[in-house]
Amino acid sequence: MYVADSRAQSSSADGAVRPVVGRRRAAVAPAVFALGAVSLVTDVSSEMVTAVLPLYLVTGLGLSPLGFGLLDGIYNGFSALVRLVGGHLADRGGGRHKWVAGFGYAVSAVCKPLLLIAHALTPIGLVLAADRTGKGLRTAPRDALISLSSTPESRGRAFGVHRAMDTAGALLGPLVAFLILRATVDGYDAVFTVSFCVAVAGVLVLVLFVPGGRGDAVAAERPTLSAAVRLLGRPDLRRITVCALLLGLATVSDSFVYLLLQRRLGVPDRWFALLPLGTAAAFLLLAIPLGRLADRAGRWLVFLGGHGALLVAYALLLTSWHGSGLPYVVLALHGTFYAATDGVLMAAASDGVPEALRSSGLALVQTGQAMARFACSLLFGAAWTVWGDRAALTGAAVALVGCAVFSLTLRPKGPVTV
């Protein structure tokens, strides 16, 4: 379907795909749906591993919260070291966004079977670092393709559609992992093997069905890395980057949220892999509506509102409520946070970046956020080890309040405001 639809599009000089202007332009370009399909398949693979990894490392291998915090920080933050590289290569290569992204997807796919032979902290850390290197290479070029394929007025919706499809994969991944764990003897090995096969399928979908990103496209100019860094001289982009970094410092990783829920409620190990389903379900249902709301009401308002939902989730985890509804409410708020921030942040950042440097500009914002979340995982794991989980979460909640208030005063003054 996407191959046929791609014929109704045109490629610009920078290799990006844009909808052809006609009597009625589609709200969301076919390229966005094609990229969404790639992300859906890939997320089935990655979330299979993410769903079982915390339990595998803490229970199976006996890592301390500090050791797990180190690995979780690597898993969520290592990609920050290469995001600028991926963004720069896509821009400088004459619009090779598709192929740089494809290489990143392939690197992550190769890492999945390596988990079968890594059973100690160092080799597991190296495998996770390589996997996140692939993610770092592909994220900015992929988001640049989405941005370049959309009009400024519809970017929030376009990113919402992509994130919804991406999250459909995140919803299926833990479910597949859960079924594999129940059906097999060596459950973890089976999960890693199936994850590799699905990841390969995702790479094939990108190669065969994602339009645009021609390797022979020639850009009007050859963007340099220094030019990309100078984008921070733009006031709105600089403010967005600083706010993303500060708020990332108080964003506890998904894995820690699930471990906290398990401890609070005594969730059996065999049900642990299902906890991410609640986050994914809320993300899936709200990504498109909140993306449309961001286009209409203001992206910064929606972005900060998402962090408000996360703060409420922290507060509930700190209360004495142990009712059966606690996990549903916390996971719904957790998914709302992602629906209101993930794609919305990229749509907001796109407004302040020229097309020739779109991938590099988005990578700047993503790098700041990823590095901050890497630091948060390390600090939270250390605080949990020394003072306990409640003290660690209390510190994160207080930090989130302070960062949110500061971000409200520092909000961009351009078209992303309300």
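How much accessible surface does the chain have, and what share of it belongs to carbon and sulfur atoms? The accessible surface comes to about 16,200 Å², and 68% of that belongs to carbon and sulfur atoms. The model in the viewer is predicted, so begin with a look at confidence before selecting any detail.

**Whole chain, coloured by pLDDT**

The mean pLDDT of the chain is 82, with 86% of residues at 70 or more. Select helix H1, residues 2-6: confidence is lowest here, at a mean of 33. Widen the selection to residues 1-25, where the pLDDT is below 50. This stretch nevertheless has 57 contacts in the model beyond near neighbours in sequence. Next select residues 213-220, where pLDDT also stays under 50; the model gives them 24 contacts beyond four places in sequence. For the other end of the scale, select helix H13, residues 299-318, where confidence is highest, at a mean of 94.

**Whole chain, coloured by secondary structure**

The chain has 16 helices and 2 strands. Of its 418 residues, 57% count as buried. Among contacts with a separation of 6 or more, 85% are between residues 24 or more positions apart.

**The largest cavity**

A search of the whole structure finds 6 cavities of 30 Å³ or more. The largest cavity holds about 1,100 Å³ of space. To centre the view on the largest cavity, select Glu47, Lys135, Asp254, Tyr338 and Asp342, which are the closest to its centre among the 45 residues that line it.

Which helices should be shown around this cavity, each supplying at least two residues of its lining? They are these:

- H2 (30-60) and H3 (65-77)
- H6 (121-148) and H7 (155-183)
- H11 (254-265) and H12 (275-297)
- H14 (326-350) and H15 (358-387)

H2 gives the largest share of the lining, 8 residues. Colour the lining by class to see 15 nonpolar, 16 polar and 14 charged residues.

**The largest pocket**

Now select Val267, Trp271, Leu274, Leu275, Leu277, Gly278, Pro327, Tyr328 and Leu331, the residues that line the largest pocket. The volume of this pocket is about 220 Å³. H12 and H14 each supply at least two residues of its lining. Coloured by class, the pocket lining shows 8 nonpolar residues, 1 polar residue and no charged residues.

**Ser108**

Move to helix H5, residues 97-111, and select Ser108 within it. Is Ser108 buried or exposed? Its relative accessibility is 4%, so Ser108 counts as buried. Show its contacts outside the neighbours within four places in sequence: Asp131, Gly134, Lys135 and Arg138. Lys135 has already appeared on this tour, as one of the residues closest to the centre of the largest cavity.

**Thr336**

The last stop is Thr336, in helix H14. With a relative accessible area of 21%, Thr336 is partly exposed, because the cut-off for buried is under 20%. Leaving out residues up to four places away in sequence, Thr336 touches Ala282, Leu286, Leu290 and Ala309. To finish, draw a distance between the C-alpha atoms of Thr336 and Ala287: the separation is 8.1 Å, for residues 49 apart along the chain.

Terms used. Residues are numbered from 1 along each chain as its sequence is written. This is a predicted model: local features need pLDDT of at least 70, side-chain atom pairs count only at pLDDT 80 or more; totals for chains, interfaces and linings use all residues. Side-chain values use heavy atoms; hydrogens and water are left out. pLDDT is the predictor's confidence in each residue, from 0 to 100. Helices (H or I, at least four residues) and strands (E, at least two) are DSSP runs, numbered from the N terminus. Contact means heavy atoms within 4.5 Å. Buried means under 20% relative accessible area, exposed over 50%, partly exposed in between (1.4 Å probe, protein chains only). Accessible areas come from the Shrake-Rupley method with a 1.4 Å probe; for residues, only the protein chains shown count as cover. On a 1 Å grid over the protein atoms alone, a cavity is a set of points where a 1.4 Å probe fits but cannot get out, and a pocket is an open set with protein on both sides within 12 Å along at least five of seven lines; lining residues have an atom within 4 Å of a point. Grid points are joined across faces, edges and corners, and a volume is the space filled by probe spheres set on the points. Ala, Val, Leu, Ile, Met, Phe, Trp, Tyr, Cys and Pro count as nonpolar, Asp, Glu, Lys and Arg as charged, and the others, Gly among them, as polar.
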